[in-house]
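User: I am new to this structure and would like to understand how its descriptions are justified. Could you take me through the reasoning behind them?

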Amino acid sequence: MRGSVSDESQPNKHFVTNTVTGRVIQAKNLYRKYGNIAAVDGITFHVESGETYGLLGPNGAGKTTTMRMLSGLTPVDSGTLTVAGIDVVRDSRRVRETMGVVTQHDGLDTGLTVFQNLFLYGFLSGLSKAGAQKRTHEVLEFFNLRDRSRANVYDLSGGMKRRLAIARSMMCSPTVIVLDEPSTGLDPQSRNRVWEELAILKESGVTVLLSTHYMEEAATLCDRLSIMDQGKILDEGTPDQMIRRHAPKEVAQLRVAPASLRFVRDYLDKRKITFREVGALVSVTGAEGDRPDLSDLDHVDGVRTSYRLGNLEDVFLTLTGRELRDG
Ligand code: ADP
């Protein structure tokens, strides 16, 4: 695997030059209003050096606004925001020099090749011609894009484009990269590839802040995360801490044929067992968050029961009363 110590070629040994220790990003009481809506409503969080930190929340939670304030694209109404000790409000230009940004709209030049996109970005960001060329080769190597370097961006798949956008964000050796919904709109296989790249980047020591509405993405990639909703951070911790704090240990999932739905609802209602329905799936949680006893339903036609562990979806549901997916 790229990035492992045993890899003889060690292409990424010096790929990330991370000189910042401690808190790389620090947001305190950050606030941004649009008309009457507090898009970001007084949030406080920090990201440690080398950490991957996630903002997990549905559409409209305020994630993009937070990312845009970090990049200096949206003004901060009040609160403080620093990146590598630099005040974003006072010196957003210098902040941008320490930060790689991957937005939802990749912003790649579709008329150019992969190599040209990387090179030009580096050159326009202030690298010398020779420096941009050297870094382009390093980036192509690190992201396993060498064999695509002459491909036209226009011909790349969505997943490849996203990987290229992530690669491009590393052109100027940033201290931190900020990714807004890195795998939104990708098929599951491309999503896995993007996750793999981000995991390898993390191994190499770069600090990552990402926003997502996929609980699996947050659970897979993040060391710590915030659950965000309606501009507020509802709680923060490692994925395991959040699940222990807010999710049931186990959830029963009943796949119920339409003809049996009424029977199952009545059965659960009579026993005062709480449940929720998502499509054809009925989720049931035991009173103490333990495995609920549904053995009576084992032999009912049209009902198949399986059990899963509590997850971040359950955490969001506990904290907001709503499904993460529904927003
Ligand atoms: P998320 O990225 O979590 O989906 P956003 O930060 O995009 O959330 O949006 C947060 C809230 O701010 C939403 O209610 C959204 O409609 C509103 N909002 C975001 N950008 C603008 C804008 N440019 N003008 C007006 N309202 C906005």
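Analyst: This is a predicted model, and a good place to begin is the ligand, where α1 gives the most to the surrounding shell, with three residues.

User: What makes a residue part of the shell around the ligand, and which residues are these?

Analyst: A residue counts if one of its heavy atoms lies within 4 Å of the ligand, and those around the ligand are Tyr34, Ala39, Pro58, Asn59, Gly60, Ala61, Gly62, Lys63, Thr64 and Thr65. By class, the shell has four nonpolar, five polar and one charged residues.

User: How do you know that Thr65 makes a polar contact with the ligand?

Analyst: The cut-off for a pair of N or O atoms is 3.5 Å, and an N or O atom in the side chain of Thr65 is 2.5 Å from an oxygen atom of the ligand, so the pair qualifies as a polar contact. For Thr64, the distance from a side-chain N or O atom to a ligand oxygen is 2.6 Å, while for Gly60 a polar backbone atom is 2.7 Å from an oxygen atom of the ligand.

User: Why are β9 and β10 called paired strands?

Analyst: Pairing requires at least two bridges, and five join β9 to β10, so the two strands count as paired. They run antiparallel, and the bridge partner of Met228 is Ile233 in β10.

User: What makes β6 and β10 edge strands?

Analyst: The six strands of this open sheet follow the order β6-β7-β8-β3-β9-β10, with mixed pairing. β6 and β10 each have a single partner strand, so one side of each is left without a neighbour in the sheet.

How values were computed. Residues numbered from 1 in each chain as written. Predicted model: local features only at pLDDT ≥ 70, side-chain atom pairs only at ≥ 80, totals over all residues. Heavy atoms only, no water. Helix = DSSP H or I, 4+ residues; strand = E, 2+ residues; numbered from the N terminus. Polar contact = N/O pair within 3.5 Å; in protein donor to acceptor, adjacent residues only side chain to side chain. Nonpolar A, V, L, I, M, F, W, Y, C, P; charged D, E, K, R; others polar.
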